[in-house]
Amino acid sequence: MPSSPSKFDDLATTSAFKPWTPPGPDDSRGPCPGLNTLANHGYLPHDGKNISFSQLYKALREVYNISIPWAFILASGTVLQMGEFFLSSPHLPLPNLHKLALHNKIEHDSSLVHANAPSKDAKWAPAHIDDELLKRLLDQAEAAAVDHGGLTPEDFGEIRALRDRAALSNGPLTTVQARLAWSESTFLMMVLGGVDEKIKPEYLKAFIGEERLPIEEGWVRPAKKIGLRIFNDVVVRIKKAQISWEKANPSEKA
Ligand code: HEM
């Protein structure tokens, strides 16, 4: 397995991050704020192209403190599913971040801050943030901050339920896609939520709105390793919260 664990464990307590540089016109970015942010800070190639397994693995560990097994699964899953073989570089790199916008591969409808693909059969989904969806999410975060200090996994249950209700005219998410959607909210919770498990609106605004680590806003790298078990616990909490919200608020269409 690449790199020794101790190097990354030491980094868990430091906040010395590489500077943020927004993408230029020839840089590739995709629908994932987590990976775009890594490229904007130079933990992945800043042009967002030819990303190797080991670059992805290291960046996930170093910046987000994702555990060895979970980072290994994420990075190997990505290059196996999306990587391309070139004779000049036979290590199956992800050719560019934009490739992640291939519709219904990893990408799916009913995203938090991205509009749906134009049709069920569209090849590509939008990779750019939808300003209206972003504003809605930030408003939800502001309201949660006033009410109880920030967005919690339970809030994400309601947010996902509302988003599904508004966005699923192309048909329901598959079981795998629903799990991906909960996982994306879980990544936000675990990376931005801190020990209190509450995401401050200003962190969300920097991370999703600018694809920047919210260091100036006071964010620190998650001190606790993001492992598979703890990650799955949060996925289940969001899922359960979504189901109970839907039960308590039956759709008028049903
Ligand atoms: C190798 C690891 C990863 C891959 C391949 C990946 C890929 C993707 C893709 C394809 C999407 C689009 C899904 C959609 O249609 O909404 C997405 C969304 C998202 N990703 Fe990642 N991601 C990874 C890791 C991360 C990490 C570590 C974070 C957070 C730190 C993150 C945060 C998010 C969020 C919040 C969304 C939802 C965006 C939205 O709903 O509009 N991802 N990711």
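Start with α8: Pro201, Tyr203, Leu204, Ala206, Phe207 and Ile208 are the buried residues there. Helices here are DSSP runs of H or I with at least four residues, strands are runs of E with at least two, and both are numbered from the N terminus. "Buried" means that 20 or more other C-beta atoms lie within 10 Å of the residue's own, "exposed" means 12 or fewer, and "partly exposed" is in between, with C-beta atoms placed from the backbone. Keep in mind that this is a predicted model, where local features need pLDDT of at least 70 and side-chain atom pairs count only at pLDDT 80 or more, while totals for chains, interfaces and linings use all residues. Residue numbers run from 1 along each chain as its sequence is written.

What sits over the buried part of α8? The cover includes α2, α5 and α7. Right after the helix comes Glu211, with a positive phi near 50°. Glu211 is not a glycine, and it belongs to the loop between α8 and α9. Glu211 counts as buried because 22 other C-beta atoms lie within 10 Å.

Gly218 is in the loop between α8 and α9 too. It has 11 C-beta neighbours inside 10 Å, so Gly218 is exposed. From its C-alpha atom to that of Tyr203 is 8.4 Å, with the two residues 15 apart along the chain.

Now for α7. Its buried residues include Trp182, Phe187, Met190 and Leu192. They pack against α2, α3, α6, α8 and α9, where a contact means C-beta atoms, placed from the backbone, within 7 Å. The length works out as well: 18 residues at 1.5 Å each should span 26 Å, and the end C-alpha atoms of α7 are 26 Å apart, which agrees. That expected span is 1.5 Å times one less than the number of residues. Just past the helix, Gly194 has a positive phi of about 65°.

Val176 is also part of α7. Is this residue buried or exposed? Val176 is exposed, because it has 10 other C-beta atoms within 10 Å. Its C-alpha atom is 23 Å from that of Leu137, which is 39 residues away along the chain.

The next helix to look at is α4. Its 15 residues should span 21 Å at 1.5 Å a residue, and the end C-alpha atoms are 21 Å apart, which agrees. Trp70, Ala71, Ala75, Thr78 and Met82 are buried in α4. Looking down the helix axis, these buried residues fall within an arc of 125°, so they line one face of α4; the arc is taken from the directions from the axis to the C-beta atoms. Pro69, Gly77, Leu80 and Gln81 are exposed on the other side of α4. Among the elements covering the buried residues are α3, β2 (94-96) and α9.

Then there's the core. The largest nonpolar core has 55 residues, and Leu44, Leu60, Leu192, Ile199 and Leu204 have the most contacts inside it. A core of this kind is a set of buried Ala, Val, Leu, Ile, Met, Phe, Trp, Tyr and Cys residues joined through C-beta atoms within 7 Å. Elements that each supply at least two of its residues include α2, α5 (131-148), α6 (153-167) and α9 (228-248). The largest share, eight residues, comes from α7. In soluble globular proteins, nonpolar side chains tend to be buried together. Leaving aside neighbours within four places in sequence, Leu44 is in contact with Leu35, Leu38, Ala39, Ile51, Gln55, Leu56 and Ala59.

On to the ligand. It has 23 residues around it, and Cys32, Gly34, Ser111, Leu112 and Phe187 come nearest; a residue counts as near if its C-beta atom, placed from the backbone, lies within 6 Å. The elements giving two or more residues to this shell are α2 (33-40), α3 (53-64), α4 (68-82) and α7 (175-192). Which helix gives the most? That is α7, with four residues. The shell divides as follows, with the residue types in each class spelled out.

| Class | Which residues count | Number in the shell |
|---|---|---|
| Nonpolar | Ala, Val, Leu, Ile, Met, Phe, Trp, Tyr, Cys and Pro | 16 residues |
| Polar | the others, Gly among them | five residues |
| Charged | Asp, Glu, Lys and Arg | two residues |

One last backbone detail is Asn104, a residue other than glycine with a positive phi near 65°. Most residues other than glycine have a negative phi. Asn104 is found in the loop between β2 and α5. It is partly exposed, because 16 other C-beta atoms lie within 10 Å of Asn104.

How values were computed: Contact = placed C-beta atoms within 7 Å.
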